[in-house]
Amino acid sequence: MITLDRVVQNAARVKGEFVLDLGDNTAWAGSREYPQKNSAGAISAYARYRRQIGPLTLNSPYFSVIGNW
């Protein structure tokens with residue numbers, strides 16, 4: 001998570017014209033093998049995602065592409 005936080009901080013400093021989110025930004029233990037069936041776990045993963053992507057969306061349009069593009 002520290003690596004993604006640094007990437008977001010660096011990208012926020014650049015203040016690009018837009019943000020293109022290529023998906024798969026959040027993960028939980030076993031997320032590669034198992035779906036998230038726990039509501040609290042899903043809410044936690046989404047909150048983490050919003051915390052990380054939030055700084056990028058303050059100054060530029062945001063476009064999300066779902067999945068591994």
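Let me start with one term: a residue counts as exposed when its relative accessible area is over 50%, and as buried when that area is under 20%. In between, we say partly exposed. Keep that in mind. What you see above is a predicted model.

First, the overall layout. The protein has 2 helices and 2 strands. From the N terminus on, the order is α-β-α-β. There are 69 residues, and 17% of them count as buried. Now look at contacts between residues at least 6 apart in sequence. Of these, 76% join residues at least 24 apart.

Now helix 1. It has 13 residues. At 1.5 Å a residue, helix 1 should span 18 Å. Its end C-alpha atoms are 19 Å apart, so the two values agree. Right after helix 1 comes Lys15, and its phi is positive, near 55°.

On to helix 2, residues 39–57. How far should its 19 residues span? The same 1.5 Å a residue gives 27 Å, and the end C-alpha atoms are 26 Å apart, which agrees. Helix 2 also has a kink of about 30°. Find Arg51; the kink lies there, shortly before the proline Pro55.

Which residues of helix 2 are buried? They are Ala45, Tyr49, Gln52, Ile53, Gly54 and Leu56. And what covers them? The cover includes helix 1, strand 1 and strand 2. In residue numbers, that is 2–14 for helix 1, 19–21 for strand 1 and 62–64 for strand 2.

Next, how the helices pack. Two packed helices are described by the angle between their axes and the distance between the axes. Here the axes of helix 1 and helix 2 come within 8 Å and cross at roughly 10°. That makes the two helices roughly parallel, because an angle under 35 degrees counts that way. Who meets whom? From helix 1 we have Leu4, Asp5, Val8, Ala11 and Ala12. They meet Arg51, Gln52, Pro55 and Leu56 of helix 2. So Arg51, where the kink lies, is also on the list of meeting residues, and Gln52 and Leu56 are buried residues of helix 2.

Now the aromatic rings. A pair of rings is described by the distance of the centres and the angle of the planes. How many pairs do we get? The count is 2.

Pair one is Phe18 with Phe63. Their ring centres are 6.4 Å apart and their planes stand at 70°, so this pair is edge-to-face. The cut-off for that label is over 60 degrees. Phe18 sits in the loop between helix 1 and strand 1, and Phe63 sits in strand 2. They are 45 residues apart, so the pair links distant parts of the chain. Buried or exposed? Phe18 has 52% relative accessibility, so Phe18 counts as exposed. Phe63 has a relative accessible area of 46%, so Phe63 is partly exposed.

Pair two is Tyr46 with Tyr49. The centres are 6.1 Å apart and the planes are at 35°, so this pair is tilted. Both lie in helix 2, 3 residues apart, which means about one helical turn between them. Their accessibility is worth a look. Tyr46, at 52%, counts as exposed. Tyr49, at 13%, is buried.

One last stop. Leu58 lies in the loop between helix 2 and strand 2. At 69% relative accessibility, Leu58 counts as exposed. Its C-alpha atom is 8.8 Å from that of Ala12, although the two are 46 residues apart along the chain. Ala12 we have met already, among the helix 1 residues that meet helix 2.

Key. Residues numbered from 1 in each chain as written. Predicted model: local features only at pLDDT ≥ 70, side-chain atom pairs only at ≥ 80, totals over all residues. Heavy atoms only, no water. Helix = DSSP H or I, 4+ residues; strand = E, 2+ residues; numbered from the N terminus. Expected span 1.5 Å × (residues − 1). Bend = angle between axes of the 7 residues up to and from the residue. Buried < 20%, exposed > 50% of the residue type's maximum accessible area, 1.4 Å probe, protein only. Contact = heavy atoms within 4.5 Å. Phe/Tyr/Trp six-rings, centres within 6.5 Å; stacked < 30°, edge-to-face > 60°. Axes fitted to C-alpha atoms, helices over the stretch in contact; angles between N-to-C directions. Parallel < 35°, antiparallel > 145°, perpendicular 65-115°, else oblique.
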